[in-house]
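Let's work through some exercises together, with the structure open beside you. Try each task yourself before reading its solution.

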Amino acid sequence: MRGRTPQSRGAAFIAASALVASMGLAACGSDSSSGGTPTLTWYINPDVGNADPSKGGQATLAKECADASGGKYKINVQLLPNSASDQRLQLLRRLAAGDSSMDLMSVDPAFSTEFAAAGYYAPVPANLEAQFKEDRVQSSIDASMYKGKLVSVPFWANTQLLWYKKSVAQKAGLDMTKPVTWDQLVTAAQQTKTQIGVQAKLYEGYSVWINALVASAGGKIVDNPGATYQDIKMGLDSEAGKKAADIIRKVTTSGVAGPAPGSSTETESLALFDSKNGGFLVNWPYTYGALAATDKSDVGAALYPRVSADEESKPPYGGIQLAVGKGSKHADLAYQAAACITDQKHQTNYMVKSGNPASRKAAFDDPEVQKAFPNGIAALIRTNLDSAAPRPLTQYWGDISTALQQRFSPPQSVNEKTPASTQKFVLEVLNGKALL
């Protein structure tokens with residue numbers, strides 16, 4: 001059966017989404033019709049405390065900025081699902097329906113381009129652009145742009161580190177002050193009978209790993225991410241793609257990735273590392289604060305593993321952008337709130353409490369941040385952000401990511417032919433010749 005084109009698929013999805021939204025989403029809208037203080041709704045991704053304003057997460061920032069507004073606005077937080085893919089779907093349904101409650105959104109940068117291309121964002125006020133770019137790591141600014149314009153606000157920036165147990169690395173004879181390769185890690189884990197935590201479940205985190213491997217091998221999954229689907233050029237069927245596939249195969253078939261690498265997310269891989277058999281882990285900076293069973297004096301962090309010894313690694317770039325929905329009735333107030341949420345004080349406090357790195361460079365020099373990320377970890381995060389590679393900033397990433405996950409699963413079955421077959425499948429999906 002021939003699939004519909006991306007336009008027709010999108011139109012059908014939007015129509016269905018609008019119907020759902022009109023039936024059940026209006027109750028979350030902003031409240032100003034009574035003439036009282038406007039209430040902004042902020043859709044937040046899960047973090048420390050989730051919706052509890054006493055824990056230092058986004059809910060805390062919402063309360064503090066509402067209190068500091070002098071009565072201009074209140075902020076009501078709505079918690080999004082854990083999975084980035086599920087977050088995308090919930091936000092997309094509401095945005096497509098023109099939901100007026102979309103005052104503020106915490107958006108994964110992988111999907112921000114998709115929303116911007118669809119015209120779902122309210123314009124960033126010109127008088128705030130300089131403030132929103134001030135002192136930000138460049139990767140967070142790049143992720144907030146679309147067609148040369150700032151369309152969202154850099155909130156927090158993220159990158160993965162290589163976490164290791166010092167005792168394990170020493171036993172394996174690895175000098176972690178120098179770059180290490182994936183092959184070295186596999187050998188070290190086998191020698192020490194320990195395991196490597198990775199994310200290879202059929203979800204967005206697996207696409208993050210695949211993209212980081214391809215980028216670290218000198219390639220790109222999409223060569224021209226700004227192109228329309230008819231002209232998009234893929235780079236997965238390449239030497240870099242084959243190297244990435246080879247590493248996935250080695251890690252997941254050598255017995256060092258745990259009992260079920262195809263079911264492993266950030267949570268499972270962290271638990272694997274935090275167990276007595278854990279040796280190494282690639283994961284986000286919150287890892288250090290989340291360790292429960294491991295002696296932290298035995299935990300070290302290093303640059304992301306290399307694919308080849310002579311080529312620098314390109315760790316994943318993640319984080320969150322703040323965006324304002326086009327349907328918001330209080331876009332001006334929402335952007336004022338975004339300015340408060342991302343100021344120096346709140347960026348620093350949020351990094352300390354949540355473990356999520358700030359997009360502001362100065363935050364990494366703060367004594368409280370360095371206390372929360374000791375032994376040079378704060379500086380290492382900042383260094384990794386300089387070389388981090390984002391997922392392709394294309395409006396089709398949702399489809400591309402899903403196709404990657406499907407064709408690279410189960411990870412134990414990945415081989416040298418996987419990149420070529422996956423690239424063919426992605427292009428067929430984008431051109432309406434195959435269905436996900």
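A cavity is a set of grid points where a 1.4 Å probe fits but cannot get out. Keep in mind that the model in front of you is predicted.

**Exercise 1. The enclosed space**

Task: Find what lines the largest cavity, and work out which element gives the largest share of that lining.

Solution:
- Step 1. Begin with the count: the structure holds 1 cavity of 30 Å³ or more. The volume of the largest cavity is about 30 Å³.
- Step 2. Now select its lining, which consists of A84, Q87, R88, L91, S106, V107, D108, F111 and F115.
- Step 3. Place these residues on the fold. Two or more lining residues come from each of α3, β3 (104–107) and α4 (109–117), and α3 supplies the largest share, with 4 residues.
- Step 4. Sort the lining by class: 5 residues are nonpolar, 2 are polar and 2 are charged.

**Exercise 2. The open space**

Task: Describe the largest pocket by its volume, its lining elements and the classes of its residues.

Solution:
- Step 1. The volume of the largest pocket is about 1000 Å³.
- Step 2. Its lining has 36 residues, and those closest to the pocket centre are P46, E266, W284, Y286 and N356.
- Step 3. Several elements each give two or more residues to this lining, among them the helices α3 (84–96), α9 (204–216) and α11 (266–273) and the strands β6 (153–159) and β11 (317–323). Helices α12 (287–290) and α14 (344–354) belong to that list too.
- Step 4. By class, the pocket lining has 15 nonpolar, 14 polar and 7 charged residues.

**Exercise 3. Two helices in contact**

Task: Decide whether α9 and α17 are roughly parallel or roughly perpendicular, and name the residues that make their contact.

Solution:
- Step 1. Helix α17 covers residues 397–407, and its axis is 9 Å from that of α9, at an angle of about 85°.
- Step 2. Angles of 65 to 115 degrees count as roughly perpendicular, so α9 is roughly perpendicular to α17.
- Step 3. On the α9 side, the contact is made by E204, Y206, S207 and I210. On the α17 side, the residues are W397, S401, L404 and Q405.
- Step 4. Classed together, the residues of this contact are 4 nonpolar, 3 polar and 1 charged.
- Step 5. One of these residues leads on to another part of the chain: E204 is 121 residues from S83 in sequence, yet their C-alpha atoms are 7.7 Å apart. S83 sits in the loop between β2 (74–79) and α3.

**Exercise 4. Backbone details**

Task: Look at N50, D135 and the bond between S409 and P410, and say what the backbone does at each place.

Solution:
- Step 1. Recall the background: most residues other than glycine have a negative phi, and most peptide bonds are trans.
- Step 2. N50 is not a glycine, yet its phi is positive, at about 50°. This residue is in the loop between β1 (39–44) and α2 (58–68).
- Step 3. D135 also has a positive phi, of about 60°, without being a glycine. Its loop runs between α5 and α6 (138–143).
- Step 4. The peptide bond between S409 and P410 is cis, with omega about -10°. P410 belongs to the loop between α17 and α18 (418–430).

**Exercise 5. Buried, partly exposed or exposed?**

Task: Assign K133 and E311 to a class of exposure, then list what each one touches.

Solution:
- Step 1. Use the cut-offs: buried means under 20% relative accessible area and exposed means over 50%, with partly exposed in between.
- Step 2. K133 has 32% relative accessibility, so K133 is partly exposed. E311, at 27%, is therefore partly exposed as well.
- Step 3. K133 lies in helix α5 (residues 129–133). Leaving out neighbours within four places in sequence, K133 contacts I141, M145 and L150. From K133 to V153, 20 residues apart along the chain, the C-alpha separation is 8.0 Å.
- Step 4. E311 is in the loop between β10 (299–302) and β11. Not counting residues up to four places away in sequence, E311 touches S216, A217, G218 and R306.
- Step 5. Finish with a distance: E311 and D298 are 13 residues apart in sequence, and their C-alpha atoms are 28 Å apart in space.

Technical notes: Residues are numbered from 1 along each chain as its sequence is written. This is a predicted model: local features need pLDDT of at least 70, side-chain atom pairs count only at pLDDT 80 or more; totals for chains, interfaces and linings use all residues. Side-chain values use heavy atoms; hydrogens and water are left out. On a 1 Å grid over the protein atoms alone, a cavity is a set of points where a 1.4 Å probe fits but cannot get out, and a pocket is an open set with protein on both sides within 12 Å along at least five of seven lines; lining residues have an atom within 4 Å of a point. Grid points are joined across faces, edges and corners, and a volume is the space filled by probe spheres set on the points. Ala, Val, Leu, Ile, Met, Phe, Trp, Tyr, Cys and Pro count as nonpolar, Asp, Glu, Lys and Arg as charged, and the others, Gly among them, as polar. Axes are lines fitted to C-alpha atoms, for helices over the stretch in contact, and angles run from 0 to 180 degrees between N-to-C directions. Angles under 35 degrees count as roughly parallel, over 145 as roughly antiparallel, 65 to 115 as roughly perpendicular and the rest as oblique. Contact means heavy atoms within 4.5 Å. Buried means under 20% relative accessible area, exposed over 50%, partly exposed in between (1.4 Å probe, protein chains only).
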